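Reader: Hi! I have this one open on my screen and would like to walk through it with you. Can we start with the sheets?

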Amino acid sequence: MLFSAKPKGYFVEQTDHALMLARTSAATGSLVIEEVRECTPGDGAALAEALKQLQPKKSSSGYVHASCGVYTSRRFLRRITLDPKRLKEPAYFGEILTQQFRVEPDKAVTMVLNAPDGTDYDVSKGASQKEALFAGMLSEEIISSQDALLANGIYPERLELGTISTLGGLVNYLNFIKSKTPTLVLEVGAESTNSFIVSSVGVEATRPIPQGLESMIPVVQKELGLKDEESARKLFYSNTFDFTGMGPLLIKKLLKELQSSIGFYEVQTGQSVGLLISSIIPAKLGWLDVTIAKELGISPLKLDVAPWLESHGITVSEAAKPVLDQRWFGLLSLMVRHETANPAANAVAAEKKA
């Protein structure tokens, strides 16, 4: 009797800075990461070549069917302390979205999760479960993300909010290494930064910060005496200048906000934040993590993902060794299916556009 080969698995993570792609020996269960590719967003030719290398023989649909993690510009993930007295009010959760996120409830896909473990929030247990995570994306941004993937030959069989799968992966990883150290996780974007404090017990604190990479450009221009901000921007995002020495000046505004967040958390919990990781930082800005950690007096989290992956039945081929680099952690988190409930297992999934 002939057995048909298991279908390959394909995974894609799309950020503002990079498009990470991987092919695995199977879509679920024990699998081998066979090959990986990375492209610059907007480089259609490079992406087409990467997909051709990952899937030499096109599927009958002409698309690469993949599990995808995306980071839409107005995504949100916030920890909220709920008022048990208002849980039965039909408009309560909508009011939180409107007032705290400036989001119209009918224009977003939102999930409400228990903060400690990421399971679906149960209103009937509200008296004992007051800490919740509100996570979501605007519907129009979900559609535009799907359209962009489809236009590039990728069919999103699963579309997740990358923030959730990554945070869930980090919680799971901290459990695996038996670390009890609260860890600061940063998503540094162009205009803003999402900061989170996670530990082995879940997402403990969240805060959006109105400073991002663009707030550093005027400082670069001033310190280097450049003629305009565009020149400073090109230099900042290039790999031709070492900004390590200038780092403390560049992060001054961001640092003040982070110190405030950490201070509040430590006073509230009595625990000290000891580790830092930036989850979607461009490769050329690797100095940022080191500088922020040094200024905060904490240590960068050095990931050793191979043993962690093996504990989930995932091995890495020689050809896919780049995936062991920290920058690929978000993509790896899409592959890991957690046995215990946590935020990664409850990612915001968008229905495929018809």
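Author: Happy to. This is a predicted model. One open sheet has six strands in the order β8-β4-β1-β2-β3-β14, and its pairing is mixed.

Reader: Which strands sit at the edges there?

Author: The edge strands are β8 (154–161) and β14 (314–316), each of which pairs on one side only.

Reader: And what is the average twist from one strand to the next?

Author: The twist averages 30° from one strand to the next.

Reader: Let's zoom in on β1. Which way do β1 and β2 run, parallel or antiparallel?

Author: Strand β2 (residues 19–24) runs antiparallel to β1, and six bridges join the two. The connection between β1 and β2 is a hairpin of four residues. If you want a pair to click on, Tyr 10 stands opposite Arg 23 in β2.

Reader: How does β1 pair with β4?

Author: That pairing is parallel, with four bridges between β1 and strand β4 (residues 64–70). Gln 14 has Val 70 in β4 as its bridge partner.

Reader: Why is β1 described as largely enclosed?

Author: Strand β1 covers residues 9–14, and five of its six residues are buried, so the rest of the structure largely encloses the strand.

Reader: Nice. What about β2 and β3, how many bridges there?

Author: Six bridges, in the antiparallel sense. Leu 19, for instance, has Cys 39 in β3 as its bridge partner.

Reader: You mentioned Arg 23 a moment ago. What salt bridge does Arg 23 form?

Author: Arg 23 forms a salt bridge with Glu 35, and their closest N and O atoms are 3.2 Å apart. The pair links distant parts of the chain, with Glu 35 in strand β3 (residues 31–39) and Arg 23 in strand β2, 12 residues apart.

Reader: Are Glu 35 and Arg 23 buried or exposed?

Author: Both Glu 35 and Arg 23 are buried.

Reader: How many salt bridges does the structure hold?

Author: The structure holds 15 salt bridges. Another one is between Arg 79 and Glu 131, where the closest N and O atoms are 3.2 Å apart. This pair also links distant parts of the chain: Arg 79 is in strand β5 (residues 76–81) and Glu 131 is in strand β7 (residues 131–138), 52 residues apart.

Reader: How accessible are those two, Arg 79 and Glu 131?

Author: Arg 79 has 26% relative accessibility, so it counts as partly exposed. Glu 131 is partly exposed as well, with a relative accessible area of 24%. The cut-off to keep in mind is that buried means under 20%.

Reader: Is there one in a helix? Which residues form it?

Author: Try Arg 233 and Glu 230, whose closest N and O atoms are 2.8 Å apart. Both lie in helix α6 (residues 229–237), three residues apart, which is about one turn of the helix. Glu 230 is partly exposed, with a relative accessible area of 40%.

Reader: And which residues are joined into one network by salt bridges that share partners?

Author: Lys 8, Arg 23, Glu 34, Glu 35 and Arg 37 are joined into one network that way.

Reader: Back to β7 for a second. What does β7 pair with?

Author: Six bridges join β7 to β5, and the two run antiparallel. In that pairing, Phe 76 stands opposite Gly 136. Strand β6 (residues 108–114) also pairs with β7 in the antiparallel sense, over seven bridges. There, Met 111 stands opposite Ala 135. Seven of the eight residues of β7 are buried, so the strand is largely enclosed by the rest of the structure.

Reader: What is the strand order in the open sheet of five strands?

Author: The order is β11-β10-β9-β12-β13, with mixed pairing. Its edge strands are β11 (202–209) and β13 (299–300). Strand β10 (residues 193–199) runs antiparallel to β11, and seven bridges join them. Asn 194 has Pro 208 in β11 as its bridge partner.

Reader: Last topic, cavities. How many are there of 30 Å³ or more?

Author: The count comes to four. The largest holds about 80 Å³ of space.

Reader: What lines the largest cavity?

Author: Its lining includes Glu 13, Thr 15, His 17, Met 20, Ile 281 and Arg 327. By class, the lining has five nonpolar, three polar and two charged residues.

Technical notes. Residues are numbered from 1 along each chain as its sequence is written. This is a predicted model: local features need pLDDT of at least 70, side-chain atom pairs count only at pLDDT 80 or more; totals for chains, interfaces and linings use all residues. Side-chain values use heavy atoms; hydrogens and water are left out. On a 1 Å grid over the protein atoms alone, a cavity is a set of points where a 1.4 Å probe fits but cannot get out, and a pocket is an open set with protein on both sides within 12 Å along at least five of seven lines; lining residues have an atom within 4 Å of a point. Grid points are joined across faces, edges and corners, and a volume is the space filled by probe spheres set on the points. Ala, Val, Leu, Ile, Met, Phe, Trp, Tyr, Cys and Pro count as nonpolar, Asp, Glu, Lys and Arg as charged, and the others, Gly among them, as polar. Buried means under 20% relative accessible area, exposed over 50%, partly exposed in between (1.4 Å probe, protein chains only). Two strands pair if DSSP finds at least two bridges between them. A salt bridge is a side-chain nitrogen of Lys or Arg within 4 Å of a carboxyl oxygen of Asp or Glu. Axes are lines fitted to C-alpha atoms, for helices over the stretch in contact, and angles run from 0 to 180 degrees between N-to-C directions.
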